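Subject: Structure handed over, with notes on what was found

Dear colleague,

I am passing on the structure below, together with an account of what was found in it. Please keep it open beside this message while you read.

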Amino acid sequence: MPWNFRGPPPRGRASIAYEWALCCGDAWLLGALATVATNPALLRHLFVSVRGCHLGVYTVQLWVGDSWVPLTVDDRLPCDAAGVLMYARSGRAGELWIPLLEKAWAKLLGGYDALRVGHVPNALR
């Protein structure tokens, strides 16, 4: 699961690894995710279905244009040779909501490289 749905996601800090954003350009998205992390209800709303989480499959929804767009993503996330996530990640071991939402945006936009250009307000709509 991206976080324990019986309890709230992390509060007070987003626990996002900003190094990726600074060097690779998706700070706009991570800024939006940091904002979302302060609102547990909104964060839960983004995860439409976690029924397949035991199989590594999640359905999230992103606001695009004027409607919610559901996207199904899996937890097969890009890692380096040491097994460390290559893109956005939480500072808390096992917390997946950040890379899963980043992967959903990458899927929507056509790949991780497409995340280099964006604006926080667009990601928060």
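Val57 has Asp74 in E3 as its bridge partner, and this contact between strands is a convenient place to begin, with the caution that the model is a predicted one. Strands E2 and E3 pair in the antiparallel sense over eight bridges, and further along the pairing Leu62 stands opposite Val69 in E3. The two strands form a hairpin with two residues between them, and in its turn Gly65 has a positive phi of about 70 degrees.

On the other side of the sheet, E1 and E2 also pair in the antiparallel sense, here over two bridges, with Phe47 standing opposite Val60 in E2. Taken together, the three strands form an open sheet in the order E1-E2-E3, with antiparallel pairing. The edge strands are E1, which covers residues 47-49, and E3, each of which pairs on one side only. From one strand to the next the twist averages 40 degrees. Helix H4 packs on this sheet, where it touches E1, E2 and E3, and its direction makes about 115 degrees with that of E3.

One residue illustrates the packing of that helix. Lys107 is found in helix H4, and, leaving aside its neighbours within four places in sequence, Lys107 is in contact with Leu71, Thr72 and Val73. Lys107 and Thr72 are 35 residues apart in sequence, yet the distance from C-alpha to C-alpha is 9.2 Å. Is Lys107 buried, exposed or partly exposed? With a relative accessible area of 48%, Lys107 counts as partly exposed, because the class of exposed residues begins only over 50%.

As for the chain as a whole, there are five helices and three strands in it, and, read along the sequence, they follow the pattern α-α-α-β-β-β-α-α. Of the 125 residues of the chain, 45% count as buried. Contacts between residues 24 or more positions apart make up 57% of those in the chain with a separation of 6 or more. The accessible surface of the chain comes to about 6700 Å², and 57% of this belongs to carbon and sulfur atoms.

In soluble globular proteins, nonpolar side chains tend to be buried together. Here the largest nonpolar core has 28 residues, of which Leu33, Leu43, Phe47, Tyr58, Trp97, Leu101 and Leu115 touch the most other members. The elements that give two or more residues to this core are helix H2 (27-37), helix H3 (40-46), strand E2 (57-64), strand E3 (67-74) and helix H4 (97-109). Of these, H4 gives the most, with seven residues.

Helix H2 deserves a separate word. Eight of the 11 residues of H2 are buried, and therefore this helix is largely enclosed by the rest of the structure. The buried residues of H2 are Trp28, Leu29, Leu30, Ala32, Leu33, Ala34, Val36 and Ala37.

Finally, how many aromatic pairs are there? The count comes to three aromatic pairs, and two of them are described here. Trp63 and Trp68 form an edge-to-face pair, at 5.3 Å centre to centre and with 75 degrees between the planes. Both partners have some access to the surface: Trp63 is partly exposed, with a relative accessible area of 26%, and Trp68 is partly exposed as well, with a value of 34%. Tyr87 and Tyr112, by contrast, form a stacked pair, at 4.1 Å centre to centre and with 10 degrees between the planes. That pair links distant parts of the chain, since Tyr87 lies in the loop between E3 and H4 and Tyr112 in the loop between H4 and helix H5 (120-124), 25 residues apart. Tyr87 counts as buried at 18% relative accessibility, and Tyr112 likewise counts as buried at 18%, because the limit for buried residues is under 20% relative accessible area.

With best wishes

Key:
Residues numbered from 1 in each chain as written. Predicted model: local features only at pLDDT ≥ 70, side-chain atom pairs only at ≥ 80, totals over all residues. Heavy atoms only, no water. Core = buried A, V, L, I, M, F, W, Y, C linked by side-chain atoms within 4.5 Å. Buried < 20%, exposed > 50% of the residue type's maximum accessible area, 1.4 Å probe, protein only. Helix = DSSP H or I, 4+ residues; strand = E, 2+ residues; numbered from the N terminus. Pairing = 2+ DSSP bridges. Phe/Tyr/Trp six-rings, centres within 6.5 Å; stacked < 30°, edge-to-face > 60°. Contact = heavy atoms within 4.5 Å. Areas by Shrake-Rupley, 256 points an atom, 1.4 Å probe, with all protein chains shown as cover. Axes fitted to C-alpha atoms, helices over the stretch in contact; angles between N-to-C directions.
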